[in-house]
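Biologist: Please give me a close look at a single part of this model. Start on the surface and work inwards from there.

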Amino acid sequence: MGKTTDIYDLRGLNCPLPVLKAKRRLADMSSGELLWLETTDPLAVIDIPAFCQEAGHRLIETTAVSGCHRFLVERGS
């Protein structure tokens with residue numbers, strides 16, 4: 001497993017922006033690198049896992065923290 005880079009703050013953005021921005025950010029990363037996505041969009045709990053599965057990234061962890069959700073994603077190959 002790669003190194004956790006940071007938390008990508010996507011709070012306040014609504015569908016489809018969290019997924020689009022996550023896609024762009026992950027495209028600039030190396031395979032195996034980790035990124036936390038933090039979002040307040042209620043649909044993200046459906047959209048982020050679906051995006052990871054379709055794009056070949058691995059969703060490692062999902063957690064709820066103070067009014068938002070965090071998703072730990074490992075960049076796929």
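**A patch and its surroundings**

Modeller: Leu 43, Val 45 and Ile 46 make a nonpolar surface patch of about 250 Å². Patch members need over 30% relative accessible area and no salt bridge; like charges are joined within 9 Å, nonpolar side chains (Val, Leu, Ile, Met, Phe, Trp, Tyr) within 5 Å. Areas come from the Shrake-Rupley method with a 1.4 Å probe, and for residues only the protein chains shown count as cover.

The model is predicted: local features need pLDDT of at least 70, side-chain atom pairs count only at pLDDT 80 or more, and totals for chains, interfaces and linings use all residues. Residues are numbered from 1 along each chain as its sequence is written, and side-chain values use heavy atoms, with hydrogens and water left out.

Take Leu 43 of the patch. Leu 43 sits in the loop between strand E2 (34–39) and helix H2 (44–55). Helices (H or I, at least four residues) and strands (E, at least two) are DSSP runs, numbered from the N terminus. Leu 43 has a relative accessible area of 42%, so it is partly exposed. The classes are: buried under 20%, exposed over 50%, partly exposed in between (1.4 Å probe, protein chains only).

Follow the chain into H2. Its axis and that of helix H1 (residues 17–27) come within 10 Å and cross at roughly 35 degrees. Axes are lines fitted to C-alpha atoms, for helices over the stretch in contact; angles run from 0 to 180 degrees between N-to-C directions. The H1–H2 crossing is right-handed. In that convention, the near helix is turned clockwise from the far one by less than a right angle; anticlockwise is left-handed. H1 brings Val 19, Ala 22, Lys 23 and Leu 26. H2 answers with Asp 47, Ile 48 and Phe 51. Contact means heavy atoms within 4.5 Å.

Now look under the patch residue Val 45, at Phe 71 in strand E4 (68–74). Phe 71 has 0% relative accessibility, so it is buried. Residues up to four places away in sequence aside, Phe 71 touches Leu 35, Trp 36, Leu 37 and Thr 39. It also touches Ala 44, Val 45, Ile 48 and Pro 49. Leu 59, Glu 61 and Thr 62 are on the list too. The C-alpha atoms of Phe 71 and Ala 44 are 9.3 Å apart, with their positions 27 residues apart along the chain.

Next, the charges. The whole structure holds 5 salt bridges. Each is a side-chain nitrogen of Lys or Arg within 4 Å of a carboxyl oxygen of Asp or Glu. One of them pairs Glu 38 with Arg 11 at 3.2 Å, N to O. Glu 38 is in strand E2 and Arg 11 in the loop between E1 and H1, so this pair ties together parts 27 residues apart in sequence. Arg 11 is partly exposed, at 44%. Glu 38 is at 6%, so it counts as buried.

Glu 38 also meets Arg 70 in a salt bridge, at 2.4 Å, N to O. Arg 70 lies in strand E4, so this pair ties E2 to a part 32 residues away in sequence. Arg 70 is at 25% and counts as partly exposed.

A further bridge joins Arg 58 and Glu 74, with the closest N and O atoms 2.8 Å apart. Arg 58 is in strand E3 and Glu 74 in strand E4, so distant parts of the chain, 16 residues apart, are linked. Arg 58 is partly exposed at 44%. Glu 74 is buried at 15%. Bridges with shared partners join Asp 9, Arg 11, Glu 38 and Arg 70 into one network.

Two backbone points deserve a check. The peptide bond from Cys 15 to Pro 16 is cis, with omega near 10 degrees. Pro 16 lies in the loop between strand E1 (4–9) and H1. Ser 66 has a positive phi, near 25 degrees, and is not glycine. Most residues other than glycine have a negative phi, and most peptide bonds are trans. Ser 66 is in the loop between strand E3 (58–65) and strand E4. Ser 66 is exposed, at 77% relative accessibility.

Last, the loop between H2 and E3, where Gly 56 lies. Gly 56 is partly exposed at 46%. Neighbours within four places in sequence aside, Gly 56 is in contact with Gly 76 and Ser 77. From Gly 56 back to Val 45 of the patch, 11 residues along the chain, the C-alpha separation is 17 Å.
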